Amino acid sequence: MSRIGKKPINLPAGVTVDVSAHGLVTVKGPKGTLTQDVNPDIEVKVEDNEVVVSRPTDSKRHKSIHGLYRSLINNMVIGVSEGYKKDLELVGVGYKATNQGQVLELSLGYSHNIFFALPSEVAVKTETPKGKNPIITLEAIDKELIGQVAAKIKGLRKVEPYKGKGVRFVGEQIRRKAGKTAGKK
């Protein structure tokens with residue numbers, strides 16, 4: 001049995017889960033609504049105040065998607081009840097971030113500024129505390145979407161291992177490399 005798949009998903013107060021006959025799972029909560037298509041082989045049932053995901057056989061294919069769909073539904077329940085938040089930090093001299101609505105303007109040491117249009121589902125906030133690195137805060141109810149947006153922003157200036165400059169998550173540990181040392185004669 002899949003260790004993740006066999007765990008029931010507890011529903012917090014205010015969250016409802018609806019499963020259609022076609023395998024479409026809809027999760028509604030105080031922060032919004034999310035939907036997910038589920039493979040027809042996987043059975044999703046709402047019992048009492050829990051969601052139970054089960055599979056028909058122990059074939060390798062069914063085992064592999066059992067835990068996947070349980071995790072996806074659990075992420076949707078957490079998203080509509082609490083939401084997800086990611087903080088990115090810009091490390092480097094002259095690196096700046098500002099936003100006008102859903103457009104993020106980044107100055108990452110290139111010759112021109114980068115204008116990054118964010119999806120409407122993701123809320124963005126930028127701040128530059130005095131004497132510290134600029135911070136970009138992303139908030140959304142969809143874990144997959146916020147992770148994808150954060151990864152694209154990080155990819156605009158990857159962290160280099162010698163000085164540690166670039167875009168990183170707040171608190172992320174970077175493996176640093178030692179630079180060249182002067183040779184002896």
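**Exercises: strands and a buried arginine**

Strand β7 (residues 84-91) and β12 run antiparallel and are joined by six bridges. Strands here are DSSP runs (E, at least two residues), numbered from the N terminus, and two strands pair if DSSP finds at least two bridges between them. The model is predicted: local features need pLDDT of at least 70, side-chain atom pairs count only at pLDDT 80 or more, and totals for chains, interfaces and linings use all residues. Residues are numbered from 1 along each chain as its sequence is written, and side-chain values use heavy atoms, leaving out hydrogens and water.

**Exercise 1.** Find which residues stand opposite Ile 136 and Leu 138 in β12.

*Solution.* Start with β7: its Leu 88 stands opposite Ile 136. Next take strand β11 (residues 123-127), which runs antiparallel to β12 with five bridges. There, Val 124 stands opposite Leu 138. Finally, look at cover: in β12 (residues 135-140), five of the six residues are buried (under 20% relative accessible area, 1.4 Å probe, protein chains only).

**Exercise 2.** Work out what surrounds Arg 168.

*Solution.* First, place Arg 168 in strand β13 (residues 166-169). Second, check charge: Arg 168 is buried yet has no salt bridge (a side-chain nitrogen of Lys or Arg within 4 Å of a carboxyl oxygen of Asp or Glu). The nearest side chain of opposite charge, Glu 89, is 4.8 Å away. Third, look for a backbone partner: the oxygen of Gly 164 lies 2.6 Å from a polar atom of the Arg 168 side chain. Last, list the residues it touches (heavy atoms within 4.5 Å): among them are Asp 87, Leu 88, Lys 154 and Ile 174, not counting residues up to four places away in sequence.

Notes. Buried < 20%, exposed > 50% of the residue type's maximum accessible area, 1.4 Å probe, protein only. Helix = DSSP H or I, 4+ residues; strand = E, 2+ residues; numbered from the N terminus. Lys, Arg positive; Asp, Glu negative; His and termini not counted. Polar contact = N/O pair within 3.5 Å; in protein donor to acceptor, adjacent residues only side chain to side chain.
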